[in-house]
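Student: Before we discuss this model, could you take me through the reasoning behind the terms used to describe it?

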Amino acid sequence: MTLKSFGRLARIKEHPPSRPQEGNTQVARFFRRCRFLLVGILFFFACKSKDPVDPKPPDPNPPEFKVTDFATPEQCASCHPNHYQEWQSSMHAYAFVDPVFFAMHDRGQLEQFCTKCHSPIASRSGETPPFFDRNKLSPISKQGVSCDVCHTITKVNKIFNAQFEMSPGNTKFGSLDNPALNPFHQSQFNALFDRSEFCGACHEVENTLNTRIEETYTEWVQAAAAGMSFDCQDCHMPTYAGEAAVGGPQRDKVHRHYFVGVDVPLVDFPGADLQRQMSEELLKNSAEISVNAPASIKAGDTLQVAVKVMNTRTGHHLPSGTAAERQMWVAMEARDGNGNLLYQTGQLDANGDLMDNHSALNPNADRDLVVYRQKLFDANGNEVLFFFQAKTVENNLIPLFSFKTASYKIMIPVSTNGPINLDVKLRFRSLPPYFLRELNLGELVAKVPIVDMEEAKVLVGVIR
Ligand code: HEC
Ligand code: HEC
Ligand code: HEC
Ligand code: HEC
Ligand code: HEC
């Protein structure tokens, strides 16, 4: 071993680094001047250190690619204008622009953990070391989950935490059979592109404390086992008849690339209005509610109301994904025949927050409040806000083909004039105000839409 080390030192002496760079010449000069001292030190350390003469240890995670290995979305736009225009407004394009992402990432500082899904090109090209400067990223890194992220994926090794293989270059992978030839790239069929596993590679997240915090793929497996026969693509990439590329053959099924979900861009973004409109439509077609109340009640009695919330149309739980941030809740008002308010739940405080433990102004004032979401806890069982802090989770999400029932008891004063008007809504928003304020993003609160997913009105007669 010692001999081997001497051998290496000798080689360095005989063949100083050939690149004529100043740094390297200085290294050679240093070696020449101090060789006796170095020989002594090496002799001493040779048994301990594997490669004692290397001036710096090799990077334990060398970048897998260079950013220039990947093509930009703009390079695809001339031949795939629809795909480009749709993708441009999607949350995939927003993933590394999102101010909420960066505010959370700065809080967590988990090195590559967040970036490997939100911008795989940045992370695999070594552009996101700890404390990276987001202003110094290459344009393609800022484009998040872009065309070449997905269309260079060749294999999913494990269906969580971005464990997929990429092969950037001239070949684009997809699910077209008989793709027409084109002068820009080769095409290769891969059945993976038509399957949920492809999406699951990113839509299933385990944090660094080994807690599953986003489980859309696992929920989908459960839904599929319960008889749901669609893949993610069937719902989130609906098809239309047309050309997959300008001048290409007419096809029955070309896939939309809007990837509509429940989130919307909160900064100026191409197609933001359309994305909002489509997200609202999706949410209005996600659930059903039914309200169970008696036809009439005696004044002075307690009115019992049950609201059944059913997940009938998603391919996973409702809500899903980053469900700790999502709020889906039951809002109800009961008014007497004169329009006076008898009862209320699900209303907002002056900050716009629901009146649960997160309300700064009216904490826990809404005792009957029902919110369907995920709650996060640290190792001591204290509730935490950010999913990278979660050791355990508690879910109140509604699986597909399931329902949850919220029950209410409303005291009806003896003097009440009928009929009682019950107005029940199932409401949704992607980010609560307290969460944005905690990230110093309070100015975004007004930009988060509240969508009324369902509404039901019921009349209850009053017998006096
Ligand atoms: C999040 C991953 C993802 C991103 C980002 C993405 N695609 Fe796709 N793309 C797919 C999948 C998956 C399919 C196949 C869907 C199927 O067969 O069910 C597809 C299909 C296609 C097809 C084949 C025709 C069709 O519509 O079926 C083309 C062409 C295409 N994409 C181009 C692009 C371009 C150009 C961009 C960027 C502007 C892009 N894609 C961004 C996942 C992605
Ligand atoms: C010079 C025009 C041109 C450019 C530029 C171009 N494509 Fe294509 N692409 C085509 C044509 C033509 C097809 C075949 C369409 C068909 O058969 O319906 C195609 C097919 C595809 C497919 C389907 C492959 C398969 O086997 O399923 C994908 C994915 C794709 N392109 C992605 C991209 C991406 C990503 C870019 C940008 C990096 C890009 N293309 C740039 C012309 C182009
Ligand atoms: C490389 C990782 C990656 C892959 C692969 C991927 N996604 Fe995503 N997806 C993301 C990230 C990250 C976001 C969130 C971006 C943000 O809001 O900051 C996202 C957002 C979405 C959204 C919007 C969610 C919302 O709340 O509005 C939908 C829908 C979606 N993806 C569907 C899909 C489907 C369908 C596939 C498979 C065809 C897929 N994704 C593949 C990373 C990925
Ligand atoms: C049968 C249709 C259907 C299928 C299949 C489906 N989804 Fe969805 N997805 C929806 C609907 C409807 C919503 C809106 C309601 C909700 O949030 O659950 C949605 C919402 C989402 C959201 C936003 C969730 C949130 O609340 O933040 C993501 C992300 C998503 N889907 C990804 C996926 C992925 C990944 C798959 C496959 C593993 C998939 N979806 C399969 C219909 C579907
Ligand atoms: C394994 C892939 C993956 C990793 C790792 C990941 N994310 Fe995400 N992220 C996603 C997907 C997929 C979505 C979309 C889910 C949805 O909309 O329900 C998302 C959505 C988001 C959103 C938008 C939804 C929201 O909260 O409004 C933010 C912000 C976000 N992630 C921040 C982070 C941060 C910060 C980290 C690191 C601590 C991180 N993510 C790590 C895949 C990932």
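Tutor: Let us begin with residue classes: Ala, Val, Leu, Ile, Met, Phe, Trp, Tyr, Cys and Pro count as nonpolar, Asp, Glu, Lys and Arg as charged, and the others, Gly among them, as polar. Please keep in mind that this is a predicted model.

Student: How do the residues of the shell around ligand 5 divide into nonpolar, polar and charged?

Tutor: By those classes, the shell around ligand 5 holds 12 nonpolar, 10 polar and 5 charged residues. Among its 27 residues, those that come nearest are Val100, Met104, Cys114, Cys117 and Gly321; because Cys counts as nonpolar and Gly as polar, Cys114 and Cys117 belong with the nonpolar residues and Gly321 with the polar ones.

Student: What makes a residue part of the surroundings of ligand 2, and which residues are the closest?

Tutor: The criterion is that the C-beta atom, placed from the backbone, lies within 6 Å of the molecule. For ligand 2, 27 residues surround it, and the closest are Cys76, Cys79, Gly174, Leu176 and Ala245. The shell around ligand 2 divides into 13 nonpolar, 11 polar and 3 charged residues.

Student: Which elements supply the largest share of each shell?

Tutor: Around ligand 5 the largest share, 5 residues, comes from H7, while helix H7 (99–108) and helix H8 (115–118) each supply at least two residues. Around ligand 2 the largest share, 3 residues, comes from S4. The shell around ligand 5 also draws at least three residues from each of domain 2 (67–195 + 231–259) and domain 3 (283–463).

Student: Why are strand S15 and S16 said to pair?

Tutor: Pairing requires at least two bridges between two strands, and strand S15 (residues 374–377) and S16 have 2 bridges in the antiparallel sense, so they qualify as a pair. One bridge partner in S16 is Glu383, which partners Phe377. The open sheet has 3 strands in the order S16-S15-S17, and strand S16 (383–384) and strand S17 (392–395) are called edge strands because each pairs on one side only.

Student: What makes a set of residues a nonpolar core, and which residues have the most contacts inside the largest one?

Tutor: Its members must be buried residues of the listed nonpolar kinds, joined through C-beta atoms within 7 Å. The largest such core has 41 residues, and those with the most contacts inside it are Leu303, Val305, Trp329, Val330, Met332 and Leu422. The largest share of this core, 6 residues, comes from S12. Val305 touches Val291, Ala293, Tyr408, Ile410 and Leu422, not counting residues up to four places away in sequence.

Technical notes:
Residues are numbered from 1 along each chain as its sequence is written. Chains are lettered from A and ligands numbered from 1 in the order in which they are written. This is a predicted model: local features need pLDDT of at least 70, side-chain atom pairs count only at pLDDT 80 or more; totals for chains, interfaces and linings use all residues. Helices (H or I, at least four residues) and strands (E, at least two) are DSSP runs, numbered from the N terminus. Domain bounds come from an automatic or database domain assignment. A residue is buried if 20 or more other C-beta atoms lie within 10 Å of its own, exposed if 12 or fewer, and partly exposed in between; C-beta atoms are placed from the backbone. Two residues are in contact if their C-beta atoms, placed from the backbone, lie within 7 Å.
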